[in-house]
Amino acid sequence: MPPPFNDRHTSHDRKDQHQRVNEQIRISPIRLIGVSGEQLGVVPTSQALDMAKEANLDLVEVAANERPPVCKIMDYGKFRYQQSHKQKKTKTHQQKLKEIRLRPKTGDHDVDTKIAQARKFLEHKDKVLVYVLFKGRELQHIEEGRRIILHVMEKLIDLAKVEKPPGMEGKRMTAMLAPK
């Protein structure tokens with residue numbers, strides 16, 4: 001049998017996603033923290049609300065699970081902005097695999113364009129798979145494909161390490177580069 005529903009804890013079990021502000025704070029008394037972080041002790045909620053209004057700020061519940069709950073006088077909009085800013089900074093970059101496709105007869109300028117593209121991927125901390133695709137009789141010119149791949153690797157060596165040296169896989173020669 002499930003435990004009886006108790007809405008007192010459910011809203012804050014989700015890691016305080018929603019702080020109560022001003023009139024949303026129903027519990028009295030509360031432990032109050034002033035504008036500059038000083039402890040003002042346990043005061044009735046109505047008195048704390050009056051103090052916040054006087055300072056043209058908000059009364060924000062910062063520790064709902066404490067008894068009595070801890071509230072702070074602060075600018076709620078600024079607080080929410082700082083919280084969202086912190087979350088953005090903590091997001092980690094998911095490394096992706098980007099591919100650069102070339103052919104044995106790709107022109108030098110086009111190869112330089114592909115190198116610039118690969119450079120952007122590596123600066124963004126993504127892995128790059130460089131491959132030369134051979135079609136039909138081009139398979140007789142594998143050394144031309146190797147020359148192109150080695151040229152690309154040489155141009156990117158300042159910000160990439162070779163994870164897999166050039167090698168044939170069926171009808172394509174591949175090399176893997178990872179950011180340093």
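Helices here are DSSP runs of H or I with at least four residues, numbered from the N terminus, and H4 is the helix that this account follows most closely. The model is a predicted one, and its protein chain holds five helices and eight strands, which succeed one another along the sequence in the pattern α-β-β-α-β-β-α-β-α-β-α-β-β.

Taken as a whole, the protein chain has a radius of gyration of 30 Å, whereas a compact globule of 180 residues would have one near 16 Å. The C-alpha trace spans about 85 × 50 × 20 Å along its principal axes, and 33% of the 180 residues count as buried. Among the contacts with a separation of 6 or more, 57% join residues that lie 24 or more positions apart.

Helix H4 covers residues 108–123, and because its 16 residues should span 22 Å at 1.5 Å a residue, the 22 Å between its end C-alpha atoms agrees with that expectation. Val 111, Ile 115, Ala 118, Phe 121 and Leu 122 are the residues of H4 to look for in the interior, since they are buried. Seen down the axis of H4, these buried residues fall within an arc of 115°, so they line one face of the helix. They pack against strand E5 (97–102), strand E6 (127–133), helix H5 (142–156), strand E7 (160–169) and strand E8 (172–179). On the other side of H4, by contrast, His 109, Lys 120 and Glu 123 are exposed. Following the chain onward, the reader finds that H4 is followed by Lys 125, whose phi is positive, near 65°.

Technical notes: Residues numbered from 1 in each chain as written. Predicted model: local features only at pLDDT ≥ 70, side-chain atom pairs only at ≥ 80, totals over all residues. Heavy atoms only, no water. Helix = DSSP H or I, 4+ residues; strand = E, 2+ residues; numbered from the N terminus. Expected span 1.5 Å × (residues − 1). Buried < 20%, exposed > 50% of the residue type's maximum accessible area, 1.4 Å probe, protein only. Arc of directions from axis to C-beta. Contact = heavy atoms within 4.5 Å. Rg over C-alpha atoms; globule rule 2.2 N^0.38 Å.
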